[in-house]
Structure formats: C-alpha cells, structure tokens
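This briefing introduces a single protein chain to a reader who has not met it before. It begins with the overall fold and then turns to helix packing, the core and selected residues.

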Amino acid sequence: MARSPSIVPQSASNHDVYIVLEDFGGRLGRAWSETAEEDGNRATLLRHLIEGHYIRPARIVAFNTTEGWSRDVTADVADELRRRFVEFEDVAPSMLEFLERAAKH
C-alpha cells in the first residue's frame, strides 16, 4: 500500500511554525495561506501582518511537530502587535482590521 507524503517539514530543527487562515469572503470562503517553509516563523509572520501580505487574516495557528503540539495563537499574536504598535511606521489596513476582530474574541 502506497503511503501519502508527510506534511511535516523536512527540517530537523525544533521550531514553531505559524500558519494563517484567511477569510476571502463570499463564495471563496476561508483557506489556509500557502507559506514557504522558511517563512513559517513568528518574526516573518509579524512582518507579513504589518506589511499587509494577508487579505483578511481570521485565525493564526502555531504548531511544533517535534514537541507534538498545536494551538490557536490568534489572540497572542494580536496582543504582541498591539504592544509593539508604536514601533511601526506604517501598517497595512488589513492588520488594523485583524486587531479589531481579534479584540472581539
């Protein structure tokens, strides 16, 4: 019986990976955004949120396959962005909408 390829990154390093569920609205609905393996870290995620790389981020999940856990980190990421807000010169409207939606949950 053929085995399905693993979705676990080939990198042997123990690190947390972040993925974003985007809400494309209407008939398109929600989908997990494609993320290059090297861009799945928290620092890149924060930068991409600030720069507006995501259309309408609805949820953020972190996981670590080496440690065997996953969790919703939407509120944690929103809190960090709010704390660091004064550091940003320019922020994308999508990030401001994300912070507003995250505050309601």
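The secondary structure of this predicted model comprises three helices and four strands. From the start of the sequence to its end, these elements follow the order β-β-α-β-β-α-α. The chain has 105 residues, of which 32% are buried. Among contacts with a sequence separation of 6 or more, 58% link residues 24 or more positions apart.

**Packing of α1 and α2**

- Helix α1 spans residues 42-51 and helix α2 spans residues 74-84; the two pack at an angle of about 65°, with their axes 11 Å apart.
- Because of this angle, α1 is described as roughly perpendicular to α2.
- The crossing of these two helices, α1 and α2, is right-handed.
- On the α1 side, the contact is made by Arg42, Leu45, Leu46, Leu49 and Ile50.
- On the α2 side, the contributing residues are Asp76, Val77, Glu80, Leu81 and Arg84.
- Sorted by class, the contact of α1 with α2 holds six nonpolar and four charged residues, and no polar ones.

**Packing of α2 and α3**

- The axes of α2 and α3 come within 10 Å and cross at roughly 125°.
- Helices α2 and α3 are therefore oblique to each other.
- The crossing of α2 and α3 is left-handed.
- From α2, the residues Thr74, Val77, Ala78, Leu81 and Arg82 take part, and they meet Met95, Phe98, Leu99, Ala102 and Ala103 of α3.
- This contact of α2 with α3 consists of eight nonpolar residues, one polar residue and one charged residue.

**The largest nonpolar core**

- The largest nonpolar core contains 18 residues, and those touching the most other members are Leu45, Leu49, Ile60, Val77, Leu81 and Phe98.
- Two or more residues each are given to this core by β1 (17-23), α1, β3 (57-64), α2 and α3 (93-103).
- Leu81 is among the core residues that touch the most other members, and it also appears in the contact of α1 with α2 and in that of α2 with α3.
- Setting aside residues up to four places away in sequence, Leu81 touches Leu46, Leu49, Ile50, Phe88, Met95, Phe98 and Leu99.

**Leucine 45**

- Leucine 45 belongs to helix α1.
- Leucine 45 counts as buried because its relative accessibility is 2%, under the 20% cut-off.
- Beyond neighbours within four places in sequence, leucine 45 is in contact with Tyr18, Val20, Tyr54, Ile60 and Val77.
- One of these partners, valine 20, is 25 residues from leucine 45 in sequence, and their C-alpha atoms are 8.6 Å apart in space.

**Tryptophan 69**

- Tryptophan 69 is located in strand β4, which covers residues 69-72.
- With a relative accessibility of 26%, tryptophan 69 counts as partly exposed.
- Not counting residues up to four places away in sequence, tryptophan 69 touches Asp16, Ala62, Phe63 and Asn64.
- Tryptophan 69 and aspartate 16 are separated by 53 residues in sequence, while the C-alpha to C-alpha distance between them is 9.4 Å.

How values were computed. Residues numbered from 1 in each chain as written. Predicted model: local features only at pLDDT ≥ 70, side-chain atom pairs only at ≥ 80, totals over all residues. Heavy atoms only, no water. Axes fitted to C-alpha atoms, helices over the stretch in contact; angles between N-to-C directions. Parallel < 35°, antiparallel > 145°, perpendicular 65-115°, else oblique. Left-handed = near helix turned anticlockwise from the far one by under 90°. Contact = heavy atoms within 4.5 Å. Nonpolar A, V, L, I, M, F, W, Y, C, P; charged D, E, K, R; others polar. Core = buried A, V, L, I, M, F, W, Y, C linked by side-chain atoms within 4.5 Å. Buried < 20%, exposed > 50% of the residue type's maximum accessible area, 1.4 Å probe, protein only.
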